[in-house]
Number of protein chains: 2
Amino acid sequence: MSVTKFAIPEVIFGNSSLRYLGQCALRLGARRIFLVSDPGLEDAGWVQRVINILSEDKLECIYFNEVDSNPRDWQVHKGAQLYNEEHADLIIGLGGGSPIDAAKGIATIASNGGRIRDYEGANRIMRPLPPMIFIPTTAGSGSDISQFCIITDVERQLKMSIISRSLVPNVSIIDPSLLLTKTSELIIASAVDALAHAVESYVSKLASPFTETQALFATSLIMENLEPAARTRDPMALEKLSIASTAAGMSFSNAGLGIGHALAHSLGGRFDVLHGLVHPVLLPHVMRYNMKVCPAKMERIASTVLGSCTTSGASQALAGIERLESLFESLGVTTKLREILPDDSQLEEICKMAVPDECALTNPREATWVDLMGICKEAW
Amino acid sequence: MSVTKFAIPEVIFGNSSLRYLGQCALRLGARRIFLVSDPGLEDAGWVQRVINILSEDKLECIYFNEVDSNPRDWQVHKGAQLYNEEHADLIIGLGGGSPIDAAKGIATIASNGGRIRDYEGANRIMRPLPPMIFIPTTAGSGSDISQFCIITDVERQLKMSIISRSLVPNVSIIDPSLLLTKTSELIIASAVDALAHAVESYVSKLASPFTETQALFATSLIMENLEPAARTRDPMALEKLSIASTAAGMSFSNAGLGIGHALAHSLGGRFDVLHGLVHPVLLPHVMRYNMKVCPAKMERIASTVLGSCTTSGASQALAGIERLESLFESLGVTTKLREILPDDSQLEEICKMAVPDECALTNPREATWVDLMGICKEAW
């Protein structure tokens, strides 16, 4: 095995763990906090709850909510300017992947200057970032754990992947009770995103025993808990999905992803598609494409998906993929690409844009834009 | 599930990962490094290798080697004085648990003052420690990962447990090729220590899904690789034991241990017994004692030990313990307490000293000194 790295933030996990927020911020030397979230979380009451917790510890709070789903480069620049004007000294991201990724981008520009586009790719951030605490409100993005930050470049109409050890926060506070205000649709979309993180990172070229354990653990928890969580919003099942999302985050942050995420970024940049809608459509076809080069790993994933304790060849690998397809159908989510795109006229361009995406570099099997077109056509 | 915390250092793992040491030290702002190791590692050439790597990056090095197996309080105080006199700004621990624990103690006193005894117990370290990088040379102690530091109080003849989030280093560089200079006896003793970490933390009162995954992963790797590593020193098997020790460290650091380690500390403080010799003696009896209060977890551990994929009741839990006993016998290690103690005259005092040990607090089943006497008698 070649040299591998494994880095994660300090994790504080559990119902009501949010109450440790002030204590964590104080330990990191904070006085004036820059809080990034979005209007949806204001409506759910969580933004006020966070501000109240901080004020109990006499921590001042500057609040920034100009964050779209798929955060834009100009939003990051605006936030960074405000961060510096207000002399903030710690950044909190509260939300799904979008506010947390926006917070990462703001932290990067506030401390390193320039434009967010300057940091696209791996290991481009040179100066230390301000202390960061993230509070995920979905069980899926893993952004509260990961070295990844995805920001939409409006001019080029693409989602940039910015990857750096510096983007791992100091602390991730994961409070599964925050999931209780989410719709079933969002719970499903987030969980399938986490499942895609687990499966893609498990077969990634950079996977290590440290990431593989987390990926299989996440897969197993999602298969056992997604249906009960979606159907009855059982708090225990939601807690398990939170654990799974965290474990999948530990895996993909350190192992990288694959062509499913490369295509999702390309699609999301062009059509502003909700990230979590793409994976039920693409994941089974991406798995079929990769199976050829990593059959043993695909069998292992399949045995985890099927809850079986033995592996028995290629037929099992296929049975695992089919089990995922039937699960997605039974959950009533979109499984056809044609249902989320207006037409197929831009598919070629989307596939060409996905090839140089950082996530494509760690896919176990090389893929040209023609190969990606094949996958999109199967998924159509 | 109540609120749980999970914190580990950044891990750099793999053969030749030692070459990243200078880069890591520079990233942490170091100029004058305080290196803690011992004469055995000088003889094996590793101390000089580390000094050479640091000098390539123009990093100065102050070397401290006054560390016994079971490091003493006065050695920690002497090291801390030298650290401050020399105006060092980063500490490296190179070795098994002893030099790394000594480095943790030195870092604590150098930055927080006082005597190491002042920090006995949990969460007593208030001021930040200097940056720390640890390089383990055994696959067992997990001290390079953990929040634990064990120092012998010479006056009271006991091993103190000092537990703090601050004792987790910034980086652990784990290079399995360093194991190649170790004897088979040391490899076995270290691996059984790691196995005890995995088993005790798996059933600990503070175990969480994050630690349980690591504990089972470590157990499985040790069962598959201990015999080949000990018999043929197969580099692949040694690498797997390193991974297992790291995973077990992630588990016990966050979940705590149990009465096996409480007794080991008490025995080690009184008789200066090599820590790794104690666990093959105690572990099976500690497991039998705990089985009553956590039967399902003991069955799960047993199925991992037996490499079986199903669990089938109490008989399987016992079969797992018996499998461990036969493994220890086949490896030719001491399995009777009478073989490592001069006589049984001090057993009562040893058991009384073990009761207030921090590790006893997280054992799943309460144990009075009389209960511990029962375990020692079974192990005699």
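**Helices, domains and the chain contact in a predicted two-chain model**

Helix α5 of chain A, which runs over residues 97-112, has 16 residues that should span 22 Å at 1.5 Å a residue, and its end C-alpha atoms are indeed 22 Å apart, so the expected and computed lengths agree. As with every value reported here, this length was computed from a predicted model. The helix is mostly covered, since 14 of the 16 residues of α5(A) are buried. Just after α5(A) comes Gly113(A), which takes a positive phi of about 70°.

Helix α11 of chain A, formed by residues 295-306, can be described in a similar way. Its twelve residues reach 16 Å from the first C-alpha to the last, which is close to the 16 Å expected at 1.5 Å a residue. Nine of the twelve residues are buried, and α11(A) is thus mostly covered. The buried residues form the run Lys297(A), Met298(A), Glu299(A), Arg300(A), Ile301(A), Ala302(A), Ser303(A), Thr304(A) and Val305(A). Around α11(A), the elements against which these buried residues pack are four helices of chain A, namely α6 (184-202), α7 (209-232), α10 (275-291) and α12 (314-330). The residue that follows α11(A) is Gly307(A), and its phi is positive, near 65°.

At the level of the whole chain, chain A is divided into domain 1, covering residues 10-178, and domain 2, covering residues 183-379. The centres of these two domains of chain A, taken over C-alpha atoms, are separated by 25 Å. Where the domains of chain A meet, 26 residues of domain 1 are in contact with 31 residues of domain 2. On the domain 1 side of this contact in chain A, the elements that give two or more residues are the strands β2 (10-13), β6 (121-122), β8 (148-153) and β9 (158-163). Of these, β9(A) provides the largest share, with four residues. By residue class, the side of domain 1 of chain A that touches domain 2 consists of eleven nonpolar, 13 polar and two charged residues.

The nonpolar interior was examined next. In the largest nonpolar core, which holds 268 residues, Ile106(A) and Ile106(B) touch the most other members. Helix α6 of chain B, residues 184-202, contributes the largest share of this core, amounting to twelve residues. When neighbours within four places in sequence are left aside, Ile106(B) is in contact with Val36(B), Val76(B), Gly79(B), Ala80(B), Tyr83(B) and Ile91(B).

The contact between the two chains takes 23 residues from chain A and 23 residues from chain B. On the side of chain A that touches chain B, two or more residues are given by each of β1 (4-6), β2, α7 and α8 (235-255) of chain A. The residues on this side of chain A comprise 13 nonpolar, seven polar and three charged.

Finally, the arrangement of the two copies was considered. A turn of 180°, with a shift of 0.0 Å along the axis, lays chain A on chain B with an RMSD of 0.0 Å. That is the relation of a two-fold axis. Within chain A, the C-alpha nearest this axis belongs to Cys309(A), at 2.8 Å from it. The same surface serves both copies, with 100% of the contact residues of chain A recurring in chain B.

Technical notes
Residues are numbered from 1 along each chain as its sequence is written. Chains are lettered from A and ligands numbered from 1 in the order in which they are written. This is a predicted model: local features need pLDDT of at least 70, side-chain atom pairs count only at pLDDT 80 or more; totals for chains, interfaces and linings use all residues. The expected span of a helix is 1.5 Å times one less than its number of residues. A residue is buried if 20 or more other C-beta atoms lie within 10 Å of its own, exposed if 12 or fewer, and partly exposed in between; C-beta atoms are placed from the backbone. Two residues are in contact if their C-beta atoms, placed from the backbone, lie within 7 Å. Domain bounds come from an automatic or database domain assignment. Ala, Val, Leu, Ile, Met, Phe, Trp, Tyr, Cys and Pro count as nonpolar, Asp, Glu, Lys and Arg as charged, and the others, Gly among them, as polar. Copies are superposed by least squares on the C-alpha atoms of residues with pLDDT of at least 70 in both. A nonpolar core is a set of buried Ala, Val, Leu, Ile, Met, Phe, Trp, Tyr and Cys residues joined through C-beta atoms within 7 Å.
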